[in-house]
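Biologist: Could you take a close look at the charged side chains of this model, at the partners they have, and at the strands that belong to the same picture? A careful, connected account would suit me best.

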Amino acid sequence: MADTLEFNEIYQEVKGSMNDGRLRLSRQGVIFKNSKTGKVDNIQASELAEGVWRRVALGHGLKLLTKNGHVYKYDGFRESEFDKLSDFFKAHYCLELAEKDLCVKGWNWGTVRFGGQLLSFDIGEQPVFEIPLSNVSQCTTGKNEVTLEFHQNDDAEVSLMEVRFYVPPTQEDGVDPVEAFAQNVLSKADVIQATGDAICIFRELQCLTPRGRYDIRIYPTFLHLHGKTFDYKIPYTTVLRLFLLPHKDQRQMFFVISLDPPIKQGQTRYHFLILLFSKDEDISLTLNMNEEEVEKRFEGRLTKNMSGSLYEMVSRVMKALVNRKITVPGNFQGHSGAQCITCSYKASSGLLYPLERGFIYVHKPPVHIRFDEISFVNFARGTTTTRSFDFEIETKQGTQYTFSSIEREEYGKLFDFVNAKKLNIKNRGLKEGMKQSYDEYADSDEDQHDAYLERMKEEGKIREENANDSSDGSGEETDSSFNPGEEDDDVAEEFDSNASASSSSGDGDSDREDKKPAKKAKIVKDRKPRKKQPESKKGKDPNAPKRPMSAYMLWLNASREKIKSDHPGISITDLSKKAGELWKAMSKEKKEEWDRKAEDARRDYEKAMKEYSVGSKADSHRGERSKKKKKKQEKQVKGKGDKKGATSKSSSSKSPAKGMSDSFKSKEFVSSDESSSAESKKEDSEDEGAASPAPSSEDSASGSD
């Protein structure tokens, strides 16, 4: 028999929600890893007391009870896996995997049994339903009645909020069955009651999420945030991770508390509690416990009197009470020497911290991404500027995170970090100028030369030299050389040339007036071909055949209404997620059926494209012929006009009066516009009038002869 058993897509029931993950059974015990949060539950083999196999909504389930009263439920097994699990439990855990079916009679009268942290409502020997008492948020009593209220489940569409039990009176003296019922519930329930004094109090701490200043009261089992408007009580069992992150300015520190489930304020959910501290702020702390209690409870991790930086005291106390390690940045160091990268996420600027096992972004909205849930990362050139790039992360669940406006000097450091962590790198959507450089670098993990990075560094050096030259010549520094709006290479060069010209000349105003038209002309000249490019793209024919859909899209279009009917009120994003899960779980035979449909659609598309391309070629030939014919007609019309101009010139040259006046005028004058020709004709007529006696005398003389 194998020493380990592994099961994928197993669901763990926690506080009424089903969290999917992976279950592994070994000789040492049972391990379940949550796919969403990465939290690991480890049950030692020696702690197991009972195992129950039963039929549930998601197929078959496994319920494990431990000797200290904890209950773990895992669903999603197939019926055929019972024999394998039963043999494994006998061989390695020395337990009999019992089969118990739930009662489905529909009766509402039965017996309540309390076992460990579980309330079981039974009819006869069969359980009807079970309530984990850790789900109970409040328990109230009335006359012969007990009311249980539950924590709201954010992951479920419908949450059970209240259950009422009728408890009949008994004849026994001195025992109230209602109070006995309530005490059994409250002893195991997750009811937060501020009984006793706080261990310590931190006053007026700056909190970024939820925003405001809060007094933090530290109790043995929970954390109390007391603000001017809101109060939050956070049980230590909901704390998932602790982070201590240095700010980029090296003067402040972030302390981040990851929560699951999150704290709620109306419809807002806070998955992270972020505190901001100044490194210079110190505190002297005295715990509200005697030294023996401190030593017994914390085993040397805390002392009764402590002093130091405020952020160190808060993190130290939280670590001891929550019993979780504090995550700090690893060996990553950015271009400026900081352990984080300045970037933007969802239109808000923040800091991205590369950690040893993931990335965390603070602070609005906070995001934590583990390496084991990352499908691939992508380095993409910024869409609006050449001075920055985007860093994209896509998870295995299909969620995409884009961190934009990262300075290009950080590219080499970040790429080396991603490469060292062996994350998949997939570049897409790159511009032509940098696509080749990225592809060459991405193909080889061992190659340390990055052509794109080298080119960017050279451009930066040239730009800095030009800026220094211009500032030295003018004698004063200007902010224009660092204007984020002027990040295009062409504009930067034009600005530098103007600045140097104006600084070297004596009269700055006249130089600027002369240079401005040239600058505008250059921009218009450079952008003309850009305007022509969309014209070719706009030439899309609406009658062209549409591209065929993939097998998944064909199936989704056919199944969308069924998914909506099965899950009323489902949102578009949840529908897409659900469809992805159904497609992933679909059998190979059914997928092949949709693959065949997609292949048929592809063939039909190729056939239609061939017919369309033949027709479009004929149309283009006809269009070219019509254009040639039109150009020919225009040339003929132009030729006729030129001939008319030539005949008028020859006629004017034959007349003696005009010949005399034309001898004083150039060819350019004759070929000027109509107004100038009209004025010239007027001048010609005046000249002719003044010179008319001489030819008349000559004519009369010749006539007499």
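**Charged side chains and their surroundings**

Modeller: Arg602 has a relative accessibility of 32% and therefore counts as partly exposed, since this value falls between the 20% limit for buried residues and the 50% limit for exposed ones. The model is a predicted one, and what follows should be read in that light. The partner of Arg602 is Glu599, with which Arg602 forms a salt bridge whose closest N and O atoms lie 2.2 Å apart. Glu599 is likewise partly exposed, at 28% relative accessibility. Both residues belong to helix α12 (residues 588-654), and because they are three residues apart there, about one helical turn separates them.

This pair is one part of a wider set, for a search of the whole structure finds 17 salt bridges. Among them is the one between Lys63 and Glu130, where the closest N and O atoms are 2.7 Å apart. This salt bridge links distant parts of the chain, since Lys63 sits in strand β6 (residues 59-66) and Glu130 in strand β11 (residues 126-132), with 67 residues from one to the other. Both of these charged residues, Lys63 and Glu130, are buried.

Another salt bridge is formed by Lys421 and Glu356, with the closest N and O atoms 2.9 Å apart. Here too distant parts of the chain are linked, but from loop to loop: Lys421 lies in the loop between α5 (411-420) and α6 (432-443), Glu356 lies in the loop between β26 (348-354) and β27 (358-362), and the two are 65 residues apart. Lys421 has a relative accessibility of 26% and so counts as partly exposed, and Glu356, at 38%, is also placed in the partly exposed class.

Salt bridges also join into a network, which links Lys33, Arg370, Asp372 and Glu373. Arg370 leads to strand β28 (residues 367-370), from which Arg370 and His368 point one way while Val367 and Ile369 point the other way, all four being buried. In a regular strand, side chains alternate between the two faces of the sheet. Strand β28 runs antiparallel to β27, and four bridges join them. Within this pairing, His368 of β28 has Ile360 standing opposite. Four residues lie between β27 and β28, and the two strands form a hairpin.

On the surface there is also a gathering of like charges, a negative patch made up of Glu79, Asp83, Asp87, Glu99 and Asp101. Glu79 is placed in the loop between β7 (71-77) and α1 (82-93). Its relative accessible area of 58% is over the 50% limit, so Glu79 is exposed.

For the strands elsewhere in the model, an open sheet of eight strands can be traced in the order β18-β17-β16-β15-β21-β20-β19-β24, with mixed pairing. Its edges are β18 (231-235) and β24 (326-327), each of which pairs on one side only. Within the sheet, β16 (residues 212-218) and β17 (residues 222-226) run antiparallel and are joined by four bridges, and Ile216 stands opposite Leu225 of β17.

Definitions and conventions: Residues numbered from 1 in each chain as written. Predicted model: local features only at pLDDT ≥ 70, side-chain atom pairs only at ≥ 80, totals over all residues. Heavy atoms only, no water. Patch = residues over 30% accessible without salt bridge, like charges linked within 9 Å, V, L, I, M, F, W, Y side chains within 5 Å. Areas by Shrake-Rupley, 256 points an atom, 1.4 Å probe, with all protein chains shown as cover. Salt bridge = Lys/Arg side-chain N within 4 Å of Asp/Glu carboxyl O. Lys, Arg positive; Asp, Glu negative; His and termini not counted. Charge placed at Lys NZ, Arg CZ, Asp CG, Glu CD. Buried < 20%, exposed > 50% of the residue type's maximum accessible area, 1.4 Å probe, protein only. Pairing = 2+ DSSP bridges.
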